[in-house]
Amino acid sequence: MELGRANQSNWRNATKVTIPSGTRVLSLRGECDSNFDCGIKGSFKNGAVTDSSWKCHTEAASGWNGPVFNDSSWPAAVEHAFNKKSCFGAVRGVDSGASWIWTADAMYDERAYCRLSVVKKAEST
C-alpha cells in the first residue's frame, strides 16, 4: 500500500505500508489542522485505490477498524481531488487513479475514520 502523507514536508512522496495477507478490512485514521483541506490518498498492489467506495466518518465507534463492524450507516467517502488534478499535485508512488478522500467537509472536519471492506474473490476452478 502506498499512502500520501499531507502532514509532513515530504507529503508528495508515498509512505509504504505492508498489509498482511488475509486482511479483511483496511482502516485509516486521518488527522489534520482545520486551516487546511484534509485528505487521505493511497493505492494498493491489487489495484484498489482510495475513492468513494470507502466509508468515512468523523467519529470512531467502538470496533470501527475491525472486520465485523457494521459500517452500513456510514456515508461514502467524498473524493475531494484526484491524484493529478489537485492543487497539491500528484503524490509520487500513488496510482494516478487514487483520489484524496475525507468526510464531506474536508476543511473543518479535523479527523476522519475511513475504512474499506476487502472482499476476496473466489478462485475459479
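This passage describes the nonpolar cores and the salt bridges of the structure. The model is predicted, so that local features need pLDDT of at least 70 and side-chain atom pairs count only at pLDDT 80 or more, whereas totals for chains, interfaces and linings use all residues. Residues are numbered from 1 along each chain as its sequence is written, and side-chain values use heavy atoms, with hydrogens and water left out.

The largest nonpolar core (buried Ala, Val, Leu, Ile, Met, Phe, Trp, Tyr and Cys residues joined through side-chain atoms within 4.5 Å) has 14 residues. Buried denotes under 20% relative accessible area, exposed over 50%, and partly exposed in between, with a 1.4 Å probe and protein chains only. At least two core residues come from each of strands E3 (25–31), E7 (99–102) and E8 (111–117); strands (E) are DSSP runs of at least two residues, numbered from the N terminus. Strand E8 gives the largest share, three residues. Ile40 is among the residues with the most contacts inside this core. A second, separate core of six residues includes Val49 and Val91.

Three salt bridges (a side-chain nitrogen of Lys or Arg within 4 Å of a carboxyl oxygen of Asp or Glu) are present. Arg29, Glu31 and Arg111 are linked in a network. The closest N and O atoms of Glu31 and Arg29 are 2.0 Å apart, and the N to O distance between Glu31 and Arg111 is 3.8 Å. Glu31 lies in strand E3 and Arg111 in strand E8, so this pair ties together parts that are 80 residues apart in sequence. Arg115 and Asp71 form a salt bridge at 3.0 Å, N to O, and both residues are buried.

Definitions and conventions: Helices (H or I, at least four residues) and strands (E, at least two) are DSSP runs, numbered from the N terminus.
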